[in-house]
Amino acid sequence: TGTLLNSGRFTARAYDAIKPGDIFLKNGHVMMVAENQNNSNYVVYEAVADKSKCSRSTYSRAYLIKQGYKGYSFTGYGD
């Protein structure tokens, strides 16, 4: 996750501005946003490395904030 943030390709995004394709990031765990449901629930895809699978989950905004997740947006590729 440090590599992601230090790449210069991600910028912080407020919860109310989260949109599909953005990510939530916390201490080595990344979830990609599939849907923002009125800024109160977020449908995400998250990988479970030790089980080699990806799951689709819904988390409330309150839960994500309590767990320490921050939102980021991908700003594009560079050379």
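This passage describes the sheet, the nonpolar core and selected side-chain contacts of a predicted model.

In the predicted model, six strands form an open sheet in the order β1-β6-β2-β3-β4-β5, and their pairing is antiparallel. The edges of the sheet are taken by β1 (10-13) and β5 (53-60), each of which has a single partner strand, so that one side of each is left without a neighbour in the sheet. From one strand to the next, the twist averages 35 degrees.

Within this sheet, β3 and β4 are paired in the antiparallel sense over six bridges, and the two strands form a hairpin with three residues between them. In the turn of this hairpin, Asn38 has a positive phi of about 55 degrees. The register of the pair can be followed through individual residues: Met31 stands opposite Glu46 in β4, and Glu35 stands opposite Val43 in β4. The pairing of β4 with β5 is likewise described as antiparallel and extends over eight bridges, with Ser57 in β5 serving as the bridge partner of Val44.

Ser40 lies in the loop between β3 (29-37) and β4 (41-48). Ser40 has a relative accessible area of 35% and is therefore classed as partly exposed, since that class covers values between the limits of 20% for buried and 50% for exposed residues. When neighbours within four places in sequence are left aside, Ser40 is in contact with Tyr59, Ser60 and Arg61. For one of these residues, Ser60, the separation from Ser40 is 20 residues in sequence, whereas the distance in space is 5.7 Å from C-alpha to C-alpha.

A second serine, Ser57, lies in strand β5. Its relative accessibility is 16%, and Ser57 therefore counts as buried, the limit for that class being under 20%. Leaving aside neighbours within four places in sequence, Ser57 is in contact with Tyr42, Val43, Val44 and Glu46. Of these contacts, the one with Glu46 includes a polar contact of 3.1 Å between the side chains of Ser57 and Glu46. Glu46 is thus joined by a side-chain polar contact to Ser57, while in the pairing of β3 with β4 Glu46 has Met31 standing opposite.

The largest nonpolar core has 10 residues, namely Tyr15, Ile18, Phe24, Met31, Val33, Tyr42, Val44, Tyr59, Leu64 and Tyr69. The elements that give two or more residues to this core are β3 and β4. In soluble globular proteins, nonpolar side chains tend to be buried together. Among the core residues is Val33, which, not counting residues up to four places away in sequence, touches Ile18, Lys19, Pro20, Gly21, Asp22, Ile23, Phe24, Val43 and Val44. Val44, another member of the core, is the residue whose bridge partner in β5 is Ser57.

One salt bridge is found in a search of the whole structure. This salt bridge is formed by Arg13 with Asp22, and the closest N and O atoms are 2.9 Å apart. The two partners fall into separate classes of exposure, because Arg13 has a relative accessible area of 22% and is partly exposed, whereas Asp22, at 2% relative accessibility, counts as buried. Asp22 is also one of the residues touched by Val33.

Notes. Residues are numbered from 1 along each chain as its sequence is written. This is a predicted model: local features need pLDDT of at least 70, side-chain atom pairs count only at pLDDT 80 or more; totals for chains, interfaces and linings use all residues. Side-chain values use heavy atoms; hydrogens and water are left out. Helices (H or I, at least four residues) and strands (E, at least two) are DSSP runs, numbered from the N terminus. Buried means under 20% relative accessible area, exposed over 50%, partly exposed in between (1.4 Å probe, protein chains only). Contact means heavy atoms within 4.5 Å. A salt bridge is a side-chain nitrogen of Lys or Arg within 4 Å of a carboxyl oxygen of Asp or Glu. Two strands pair if DSSP finds at least two bridges between them. Axes are lines fitted to C-alpha atoms, for helices over the stretch in contact, and angles run from 0 to 180 degrees between N-to-C directions. A polar contact is a pair of N or O atoms within 3.5 Å; within protein, one must be able to donate a hydrogen and the other to accept it, and residues adjacent in sequence count only if both atoms are side-chain atoms. A nonpolar core is a set of buried Ala, Val, Leu, Ile, Met, Phe, Trp, Tyr and Cys residues joined through side-chain atoms within 4.5 Å.
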